[in-house]
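Trainee: I should like to learn how to read the contacts between a protein and DNA. May we work through an example together?

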2 protein chains.
Amino acid sequence: MKASTALDDMICFQLYAASRGMTALYRPLLDPHHLTYPQYLVLRVLWHDGPTTVRDLGRALALDSGTLSPLLKRLETQGFVHRLRDPGDERVVVVHPTAEGTALREQLDDLTQRLICATGLTLDELSTLHHLLHKARNPRKDLP
Amino acid sequence: MKASTALDDMICFQLYAASRGMTALYRPLLDPHHLTYPQYLVLRVLWHDGPTTVRDLGRALALDSGTLSPLLKRLETQGFVHRLRDPGDERVVVVHPTAEGTALREQLDDLTQRLICATGLTLDELSTLHHLLHKARNPRKDLP
DNA sequence: CACGATTCAGTTGTGCACAACTGGATTGCT
DNA sequence: AGCAATCCAGTTGTGCACAACTGAATCGTG
């Protein structure tokens, strides 16, 4: 299957550049709250699911402990989360949002709305994009 | 315009996760050549355009000198590029691919092909994805 | 019960990404 | 010619991202 043009040469780069561009859009909106985009993602999981283990945060965001451990330490230092060992299994650490962390939800609730709006993408386009990204994100494991 | 669902909550994360997933696919293919994905992107620009200034590399890849300077230093240490000051303008550094850097092109030529194939996306889907990513990558500057 | 395998969070080391800044080179304007 | 504004690559500092590893806790199987 030898078919394509410069298109497939571009697509991975487009993904890479679009991702960085999107977090660049988030930055000025998150900066006032002293949050980075990955920290915001962690808080969103906590807002949605309540107290969550480090392991489940890793599954939800596709990040490993090497990324999450220092990130959570910074979130704790800033007072947005607490970390508690599960008494039933001392290996497990459960991350709890603090009152301050929960309060942020209301200030940041319409944030994604505003960004999506900024891209000028329609709902149909969003839906298509979501579908394609999902496919691209779950590729076959067996490379030729 | 208050319309959407969890969809637009997801889309930025999908972008972020898909981008990381794609570079994770590249990694095992680039590792044998001791290249990272951003380094590979720099080489692709050099293969396509020949000797290029740091400034133009930055424009092409949307990266600043803070990222490129150390990256190029590593590429130079590995023998893939040379860096020469432009005699006509001593501010400018021109990045040249070495013979070794140019030789890599043939070994990595079908690499993107194989990855795209791995995603299972059709040409039509690729084209749509490309179009949407381009829109997402050039958003309006005036946030509401 | 014992003990090797597995699970979990954390640490270490390398490399990107980006803001803020530095210092030298060049340009533009008078 | 003079000199402020700009341009350019590089450095510094912070925070992700991830491979490889550590050590403690738990599980599974004999």
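Mentor: Please bear in mind that this model is predicted. A useful start is to sort the residues near a strand by class: the surface near DNA strand D has eight nonpolar, nine polar and 12 charged residues.

Trainee: Which residues come closest to DNA strand D?

Mentor: Among the 29 residues that surround DNA strand D, the closest are Thr36(A), Arg74(A), Tyr16(B), Arg20(B) and Ser65(B).

Trainee: Which parts of DNA strand D lie within 4 Å of the protein?

Mentor: One divides the atoms of the strand into backbone and base. Sugar or phosphate supplies 79% of the atoms of DNA strand D within 4 Å of the protein, and bases supply the rest.

Trainee: Where are phosphate oxygens of DNA strand D approached by polar atoms?

Mentor: Side chain and backbone should be read separately. A polar side-chain atom of Arg27(B) lies 3.2 Å from a phosphate oxygen. Backbone cases include Glu90(A), with an N or O atom at 3.1 Å, and Val93(B), with a polar atom at 3.4 Å.

Trainee: How does one read DNA strand C, and which residues come nearest there?

Mentor: The procedure is repeated. Of 29 residues around DNA strand C, Tyr16(A), Arg20(A), Ser65(A), Thr36(B) and Arg74(B) come nearest. Sugar and phosphate make up 78% of the atoms of this strand that come within 4 Å of the protein.

Trainee: Which side chains have an N or O atom by a phosphate oxygen of DNA strand C?

Mentor: Among them are Arg20(A), at 2.8 Å, and Ser69(A), at 3.1 Å.

How values were computed: Residues numbered from 1 in each chain as written. Chains lettered and ligands numbered in written order. Predicted model: local features only at pLDDT ≥ 70, side-chain atom pairs only at ≥ 80, totals over all residues. Heavy atoms only, no water. Near = heavy atom within 4 Å. Polar contact = N/O pair within 3.5 Å; in protein donor to acceptor, adjacent residues only side chain to side chain. Nonpolar A, V, L, I, M, F, W, Y, C, P; charged D, E, K, R; others polar.
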